[in-house]
Amino acid sequence: MFKLRMPFWACVAGTLMIACERRNAAMPEHFGYGRPATEKEIAAKAIAIRPDGVGLPAGSGTVQDGALIYAGKCASCHGATGVEGPYNILVAPDTADALPFDQAPKRVKAIGNYWPYATTIFDYVRRAMPFNAPGSLSDNEVYSVTAWLLHANKLIDADAVINAKTLPGIVMPARKYYVTDSRKGGDGPYE
(Lines give C-alpha, C1' and ligand atoms only; values in the text may rest on other atoms or scores of the structure.)
Protein backbone atom coordinates (compact mmCIF):
# COMPACT_ATOMS: atom_id res chain seq x y z
CA MET A 1 0.00 0.00 0.00
CA PHE A 2 1.29 3.43 -0.94
CA LYS A 3 1.27 6.18 1.73
CA LEU A 4 1.70 9.82 0.87
CA ARG A 5 3.83 11.61 3.43
CA MET A 6 3.83 15.37 3.54
CA PRO A 7 7.09 17.05 4.60
CA PHE A 8 7.01 18.85 7.94
CA TRP A 9 7.61 22.27 6.38
CA ALA A 10 4.55 21.80 4.15
CA CYS A 11 2.36 21.12 7.19
CA VAL A 12 3.66 24.24 8.92
CA ALA A 13 3.12 26.36 5.80
CA GLY A 14 -0.44 25.07 5.39
CA THR A 15 -1.24 25.78 9.04
CA LEU A 16 0.11 29.33 8.74
CA MET A 17 -1.96 29.99 5.60
CA ILE A 18 -5.13 28.89 7.36
CA ALA A 19 -4.28 31.03 10.40
CA CYS A 20 -3.70 34.09 8.18
CA GLU A 21 -7.03 33.59 6.42
CA ARG A 22 -8.83 33.38 9.75
CA ARG A 23 -7.05 36.45 11.10
CA ASN A 24 -8.32 38.52 8.19
CA ALA A 25 -11.89 37.35 8.77
CA ALA A 26 -14.06 39.51 10.99
CA MET A 27 -14.11 38.35 14.60
CA PRO A 28 -17.59 37.71 15.98
CA GLU A 29 -18.75 40.00 18.75
CA HIS A 30 -19.83 37.03 20.87
CA PHE A 31 -18.96 33.35 20.60
CA GLY A 32 -22.29 32.12 21.97
CA TYR A 33 -21.13 30.73 25.30
CA GLY A 34 -20.34 32.07 28.74
CA ARG A 35 -22.02 34.88 30.64
CA PRO A 36 -20.99 38.10 32.34
CA ALA A 37 -19.59 37.62 35.85
CA THR A 38 -21.81 38.74 38.72
CA GLU A 39 -20.67 41.41 41.20
CA LYS A 40 -20.37 38.69 43.86
CA GLU A 41 -18.12 36.56 41.61
CA ILE A 42 -15.93 39.56 40.85
CA ALA A 43 -15.66 40.48 44.54
CA ALA A 44 -14.62 36.92 45.41
CA LYS A 45 -11.68 37.11 42.99
CA ALA A 46 -10.78 40.78 43.46
CA ILE A 47 -8.60 40.13 46.49
CA ALA A 48 -5.35 41.86 47.23
CA ILE A 49 -3.26 41.51 50.37
CA ARG A 50 -0.63 44.10 51.07
CA PRO A 51 2.56 43.52 53.06
CA ASP A 52 1.08 45.47 55.98
CA GLY A 53 -1.87 43.04 56.15
CA VAL A 54 -4.53 45.25 54.59
CA GLY A 55 -6.84 42.89 52.76
CA LEU A 56 -6.36 39.87 55.03
CA PRO A 57 -9.71 38.21 55.80
CA ALA A 58 -11.10 37.17 59.16
CA GLY A 59 -10.09 33.75 60.40
CA SER A 60 -7.10 32.05 61.97
CA GLY A 61 -4.93 28.98 61.73
CA THR A 62 -2.52 26.88 63.74
CA VAL A 63 0.60 24.91 62.93
CA GLN A 64 -1.09 21.65 63.99
CA ASP A 65 -4.08 22.17 61.68
CA GLY A 66 -1.74 23.29 58.92
CA ALA A 67 0.28 20.08 59.19
CA LEU A 68 -2.83 18.02 58.47
CA ILE A 69 -3.95 20.19 55.56
CA TYR A 70 -0.43 20.29 54.12
CA ALA A 71 -0.12 16.48 54.30
CA GLY A 72 -3.44 16.03 52.49
CA LYS A 73 -3.27 18.79 49.88
CA CYS A 74 0.33 19.94 49.44
CA ALA A 75 2.80 17.14 50.18
CA SER A 76 2.24 15.30 46.89
CA CYS A 77 3.84 18.21 45.04
CA HIS A 78 6.19 19.70 47.65
CA GLY A 79 7.22 16.66 49.71
CA ALA A 80 6.27 15.56 53.21
CA THR A 81 8.44 18.19 54.88
CA GLY A 82 8.56 20.78 52.10
CA VAL A 83 12.13 20.01 51.02
CA GLU A 84 11.69 16.88 48.88
CA GLY A 85 9.73 18.21 45.91
CA PRO A 86 9.25 17.14 43.14
CA TYR A 87 8.07 20.72 42.64
CA ASN A 88 9.17 23.91 44.39
CA ILE A 89 10.98 23.51 47.68
CA LEU A 90 9.11 25.46 50.35
CA VAL A 91 11.32 24.95 53.37
CA ALA A 92 14.92 26.14 53.35
CA PRO A 93 17.36 24.21 55.48
CA ASP A 94 19.22 27.43 56.32
CA THR A 95 16.33 29.77 57.16
CA ALA A 96 17.38 31.06 60.57
CA ASP A 97 21.15 31.41 60.10
CA ALA A 98 21.43 31.95 56.35
CA LEU A 99 24.28 33.89 54.84
CA PRO A 100 23.32 37.00 52.86
CA PHE A 101 22.40 36.31 49.21
CA ASP A 102 25.60 37.86 47.87
CA GLN A 103 27.68 35.47 49.99
CA ALA A 104 25.71 32.33 49.17
CA PRO A 105 24.21 32.75 45.68
CA LYS A 106 23.66 29.02 45.09
CA ARG A 107 21.69 28.25 48.22
CA VAL A 108 18.12 26.97 47.95
CA LYS A 109 15.61 29.83 47.71
CA ALA A 110 12.48 29.00 49.65
CA ILE A 111 9.79 30.76 51.63
CA GLY A 112 11.83 31.15 54.79
CA ASN A 113 14.95 32.64 53.29
CA TYR A 114 13.74 34.37 50.14
CA TRP A 115 10.20 35.74 50.51
CA PRO A 116 10.11 39.26 51.96
CA TYR A 117 6.66 39.26 53.61
CA ALA A 118 4.70 36.63 55.51
CA THR A 119 1.47 38.02 54.05
CA THR A 120 2.70 36.99 50.59
CA ILE A 121 2.53 33.34 51.67
CA PHE A 122 -1.14 33.70 52.57
CA ASP A 123 -1.90 35.60 49.36
CA TYR A 124 -0.15 33.08 47.11
CA VAL A 125 -1.58 29.97 48.77
CA ARG A 126 -5.07 31.49 48.72
CA ARG A 127 -4.94 32.32 45.01
CA ALA A 128 -2.92 29.50 43.49
CA MET A 129 -2.88 26.40 45.69
CA PRO A 130 -3.37 23.54 45.66
CA PHE A 131 -2.29 23.24 42.05
CA ASN A 132 -5.17 20.93 41.09
CA ALA A 133 -7.81 23.12 42.77
CA PRO A 134 -6.59 26.72 43.17
CA GLY A 135 -8.72 28.89 45.42
CA SER A 136 -10.45 25.91 47.00
CA LEU A 137 -9.03 26.32 50.52
CA SER A 138 -11.04 28.21 53.12
CA ASP A 139 -9.44 31.25 54.75
CA ASN A 140 -8.89 29.23 57.95
CA GLU A 141 -7.17 26.48 55.94
CA VAL A 142 -4.94 29.04 54.25
CA TYR A 143 -4.02 30.58 57.61
CA SER A 144 -3.20 27.09 58.90
CA VAL A 145 -1.04 26.12 55.91
CA THR A 146 0.71 29.49 56.23
CA ALA A 147 1.35 28.79 59.92
CA TRP A 148 2.77 25.35 59.12
CA LEU A 149 5.06 26.78 56.43
CA LEU A 150 6.32 29.52 58.75
CA HIS A 151 6.95 26.96 61.51
CA ALA A 152 8.68 24.54 59.13
CA ASN A 153 10.99 27.42 58.16
CA LYS A 154 11.73 28.05 61.87
CA LEU A 155 10.08 31.47 61.86
CA ILE A 156 7.28 30.88 64.41
CA ASP A 157 6.74 28.58 67.38
CA ALA A 158 4.62 25.44 67.19
CA ASP A 159 1.89 26.98 69.34
CA ALA A 160 1.55 30.22 67.34
CA VAL A 161 -1.84 31.27 66.02
CA ILE A 162 -1.81 33.08 62.69
CA ASN A 163 -4.52 35.60 61.80
CA ALA A 164 -4.97 39.03 60.22
CA LYS A 165 -3.39 40.69 63.27
CA THR A 166 -0.39 38.39 63.84
CA LEU A 167 0.65 37.53 60.28
CA PRO A 168 1.83 41.02 59.19
CA GLY A 169 3.98 41.25 62.33
CA ILE A 170 6.17 38.31 61.35
CA VAL A 171 9.50 39.63 60.10
CA MET A 172 10.86 37.51 57.29
CA PRO A 173 14.66 37.15 57.18
CA ALA A 174 14.88 38.26 53.54
CA ARG A 175 12.87 41.46 54.00
CA LYS A 176 16.05 43.49 54.38
CA TYR A 177 17.16 42.48 50.86
CA TYR A 178 14.12 43.99 49.16
CA VAL A 179 13.72 47.63 48.21
CA THR A 180 10.37 49.38 48.41
CA ASP A 181 9.25 50.94 45.15
CA SER A 182 8.97 54.63 45.98
CA ARG A 183 7.95 55.83 42.54
CA LYS A 184 4.91 58.09 42.39
CA GLY A 185 2.20 58.01 39.78
CA GLY A 186 -0.84 56.07 38.74
CA ASP A 187 -3.82 55.59 40.97
CA GLY A 188 -2.59 52.70 43.11
CA PRO A 189 -2.73 52.44 46.90
CA TYR A 190 0.95 53.34 47.41
CA GLU A 191 0.82 56.96 46.25
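A salt bridge is taken here as a side-chain nitrogen of Lys or Arg within 4 Å of a carboxyl oxygen of Asp or Glu, and a search of the whole structure on that basis finds five of them. The structure is a predicted model, in which local features need pLDDT of at least 70 and side-chain atom pairs count only at pLDDT 80 or more, while totals for chains, interfaces and linings use all residues. Residues are numbered from 1 along each chain as its sequence is written, and side-chain values use heavy atoms, with hydrogens and water left out.

The predictor's confidence in each residue, pLDDT, runs from 0 to 100; its mean over the chain is 83, and 75% of the residues reach 70 or more. Helices and strands are DSSP runs numbered from the N terminus (H or I over at least four residues for a helix, E over at least two for a strand). Among these elements, strand β1 (residues 60-62) has the highest mean pLDDT, 98, whereas helix α1 (residues 8-24) has the lowest, 62.

One of the salt bridges joins Glu 141 to Lys 73, with the closest N and O atoms 3.7 Å apart. This pair links distant parts of the chain, since Glu 141 belongs to helix α7 (residues 139-152) and Lys 73 to helix α3 (residues 63-73), 68 residues apart. In terms of relative accessible area (buried under 20%, exposed over 50%, partly exposed in between, with a 1.4 Å probe and protein chains only), Glu 141 is partly exposed at 22%, and Lys 73 is partly exposed at 38%.

The two helices that carry this pair have axes that come within 7 Å and cross at roughly 95°, where axes are lines fitted to C-alpha atoms, for helices over the stretch in contact, and angles run from 0 to 180 degrees between N-to-C directions. Angles under 35 degrees count as roughly parallel, over 145 as roughly antiparallel, 65 to 115 as roughly perpendicular and the rest as oblique, and α3 and α7 are therefore roughly perpendicular to each other. Contact means heavy atoms within 4.5 Å, and the residues of α3 that meet α7 include Tyr 70 and Lys 73, while those on the α7 side include Glu 141 and Trp 148.

Tyr 70 and Trp 148 also touch Gly 82, as do Ile 89, Leu 90 and Val 91, not counting residues up to four places away in sequence. Gly 82 lies in the loop between α4 (75-78) and α5 (111-114) and is buried, with a relative accessible area of 0%.

A further salt bridge is found between Arg 127 and Asp 123, at 2.9 Å from N to O; both residues lie in helix α6 (residues 118-128), four residues apart, or about one turn of the helix. Arg 127 is partly exposed at 40%, whereas Asp 123 is buried at 15%. Arg 126, also in helix α6, counts as buried at 16% relative accessibility. The side chain of Arg 126 makes a polar contact of 3.3 Å with that of Asp 139, such a contact being a pair of N or O atoms within 3.5 Å, of which, within protein, one must be able to donate a hydrogen and the other to accept it, residues adjacent in sequence counting only if both atoms are side-chain atoms. Beyond its neighbours within four places in sequence, Arg 126 is in contact with several residues, including Ile 47, Pro 57 and Val 142.

Finally, Glu 41 and Arg 35 meet through their side chains in a salt bridge of 2.6 Å, N to O, in which Glu 41 is partly exposed at 34% and Arg 35 is exposed at 57%.
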